[in-house]
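Dear colleague,

Please find the structure below, together with its sequence. My notes on what was found in it follow.

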Amino acid sequence: ISSIKTPSINDFDISEISTDIKPDPNLYKFDLKTALLKKQPIIISFSTPGLCVTGTCSPQLDQIKKISNTHSGEVIVIHVEVWKNFKEIMKEGNLSVGILNDSVKMLNIETEPWTFLIDKNGIVRNRYQGFVHFSELEKNLVELSNH
């Protein structure tokens with residue numbers, strides 16, 4: 001996991017790495033590789049709100065934004081789009097032309113959304129498939145901080 005570099009605003013314009021209608025720049029400030037060096041808890045969420053098949057990606061991203069705002073400075077929050085070429089997918093209207101982001105491939109993620117809670121030592125402590133509510137994320141984050 002420490003070798004995974006996710007897209008960030010250090011390397012891309014935010015419009016190139018997010019299908020979110022109102023992207024929060026804080027969720028794209030760090031790539032995972034750099035975030036792990038900070039020795040802080042990390043919440044990383046993989047979803048494509050603009051192309052989500054299940055319809056839970058945008059609500060999930062709202063929960064992630066809430067965690068980022070409520071626990072600013074305590075946790076690094078990262079959002080990663082599942083598709084590297086989401087603009088092409090949107091233009092074509094066809095998911096079959098999609099190219100997965102490298103980090104999605106490395107983690108073998110085949111559905112969305114997925115969210116991971118990583119401790120300050122880089123160990124994945126919680127995995128959430130599908131929608132996870134703010135209160136559960138917050139509870140697990142607080143538990144992690146108390147250890």
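**Findings on the strands, loops and overall form**

In E3, Thr-115 is the residue that bridges to Ser-45. Please bear in mind while reading that this is a predicted model.

That pair belongs to a longer contact: strand E1, residues 42-46, and E3 are joined by five bridges and run antiparallel. On its other partner, strand E4 (residues 124-129), E3 also forms five bridges, and these two strands run antiparallel as well. Within this second pairing, Val-124 of E4 stands opposite Ile-118. The hairpin made by E3 and E4 has five residues between the strands, and Gly-122 in this hairpin adopts a positive phi near 85 degrees.

E1 has a further partner in strand E2 (residues 76-80), to which it is paired by five bridges in the parallel sense. Here Ile-42 faces Ile-76 of E2. E1 is therefore bridged to E2 in the parallel sense and to E3 in the antiparallel sense, where a strand pair is one with at least two bridges by DSSP.

The cover of these strands may interest you. Strand E3, residues 114-118, is mostly covered, with five of its five residues buried. Trp-114, Phe-116 and Ile-118 point one way from E3, while Thr-115 and Leu-117 point the other way, and all are buried. E1 is likewise mostly covered, five of its five residues being buried. On one side of E1 lie Ile-42, Ile-44 and Phe-46, and on the other Ile-43 and Ser-45; all are buried, which leaves both faces covered.

Several features of the backbone lie in loops. The loop between helix H5 (102-106) and E3 contains Pro-113, and the peptide bond leading to Pro-113 from Glu-112 is cis, with omega near -5 degrees. Asn-108 is also located in the loop between H5 and E3. Its phi is near 55 degrees, a positive value in a residue other than glycine. Asn-108 has 60% relative accessibility and so counts as exposed, the cut-off for exposed being over 50%.

Lys-39 sits in the loop between helix H2 (32-37) and E1. For Lys-39, too, phi is near 55 degrees, a positive value in a residue other than glycine. Its relative accessibility is 54%, and Lys-39 therefore counts as exposed.

Turning to the protein as a whole, there are six helices and four strands. From the N terminus on, these elements follow the order α-α-β-α-β-α-α-β-β-α. The radius of gyration is 14 Å, close to the 15 Å that the globule rule gives for 147 residues, so the protein is as compact as a globular protein of that length. The C-alpha trace spans about 50 × 30 × 25 Å along its principal axes.

Of the 147 residues, 47% are buried. Considering contacts between residues at least 6 apart in sequence, 65% join residues at least 24 apart. The accessible surface amounts to about 7,700 Å², and carbon and sulfur atoms account for 50% of that surface. Finally, the protein carries 16 positive and 18 negative charges, and the mean positions of the two sets are 5 Å apart.

Yours sincerely

Note on methods:
Residues are numbered from 1 along each chain as its sequence is written. This is a predicted model: local features need pLDDT of at least 70, side-chain atom pairs count only at pLDDT 80 or more; totals for chains, interfaces and linings use all residues. Side-chain values use heavy atoms; hydrogens and water are left out. Buried means under 20% relative accessible area, exposed over 50%, partly exposed in between (1.4 Å probe, protein chains only). The radius of gyration is taken over C-alpha atoms; the globule rule is 2.2 Å times the number of residues to the power 0.38. Contact means heavy atoms within 4.5 Å. Accessible areas come from the Shrake-Rupley method with a 1.4 Å probe; for residues, only the protein chains shown count as cover. Lys and Arg count as positive and Asp and Glu as negative; His and the chain ends are not counted. The place of a charge is taken as NZ of Lys, CZ of Arg, CG of Asp or CD of Glu.
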